[in-house]
Amino acid sequence: MKKSFIYLSSVLLLSTSFIACSQKDKHKVADDAQKAQDKIENAADKAAEKTKEAYDDIASDVRQETKEGKEDLEAERTELKVKIQDQKSALQNEIDRIDGKIKVAQAKEKVRWQERKAKLELERDKLDVSLKELKLKVQSDWQEFKRKTDRTIEETKESIDHK
């Protein structure tokens, strides 16, 4: 009973207060509410605009980095291709030199030179495989492929030098 009396009193007090508010006060409250809503909408618009600008800046940076990365990768590929081709030429020159030795060598020497030629031809074939793989490799495999190919080139240099 006491609770319903408090509730009824509160409702009566609020009703009286609301009725007591003048039309002018109601308009002022409504205007203030509208201004607050407008400020919120303006702030949201500004935040959305700044977010879009930041996104555009980041997207532009990513595109630029990607372009530079592709250019760097292409330059590395070209450099590695030249290294492979140079090494293949050096191997072929050595194979041609050995062919000359095989023609004039005695039987025992001929076998040794033929073994050496076969080893160098195998090295050359490895470089051919690397050259073909170079065309197929994508960026994710690039670093490992490059290390492996550099190792192969070094091994072939040692083979040539190890006459």
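Which helix holds both Lys117 and Glu121, and how many residues apart are they? Select the two and have a look: they lie in helix α3 (residues 107-136), four residues apart, about one turn of the helix. Helices here are DSSP runs of H or I with at least four residues, numbered from the N terminus.

Before going on, a word on what you have open. This is a predicted model, where local features need pLDDT of at least 70 and side-chain atom pairs count only at pLDDT 80 or more, while totals for chains, interfaces and linings use all residues. Residues are numbered from 1 along each chain as its sequence is written, and side-chain values use heavy atoms, with hydrogens and water left out.

**Stop 1: Lys117 and Glu121**

Show the side chains. Lys117 and Glu121 meet in a salt bridge, 4.0 Å from N to O. The term salt bridge means a side-chain nitrogen of Lys or Arg within 4 Å of a carboxyl oxygen of Asp or Glu. Glu121 has a relative accessible area of 26%, so Glu121 is partly exposed. On this tour, buried is under 20% relative accessible area, exposed is over 50%, and partly exposed is in between (1.4 Å probe, protein chains only).

**Stop 2: Glu94 and Arg97**

Now pick Glu94 and Arg97, both in helix α2 and three residues apart, again about one turn of the helix. Their salt bridge brings the closest N and O atoms to 2.7 Å. Colour by accessibility and the partners part ways: Glu94 counts as buried at 7%, whereas Arg97 is partly exposed at 30%. Add Arg116 to the selection, and you have a network of salt bridges linking Glu94, Arg97 and Arg116.

**Stop 3: Glu76 and Lys146**

Next, select Glu76 and Lys146. They form a salt bridge too, with the closest N and O atoms 3.8 Å apart. Glu76 lies in helix α2 (residues 23-104) and Lys146 in helix α4, so this pair ties together parts that are 70 residues apart in sequence. Glu76 is partly exposed at 26% relative accessibility, and Lys146 is partly exposed at 24%. If you want to hunt for others, the count by this rule comes to 11 salt bridges.

**Stop 4: Thr156**

Stay in helix α4 (residues 139-161) and go to Thr156. Is this residue buried or exposed? Thr156 counts as buried because its relative accessibility is 0%. Show its neighbours: leaving out residues up to four places away in sequence, Thr156 touches Gln87, Leu91, Glu123 and Leu127. A contact here means heavy atoms within 4.5 Å.
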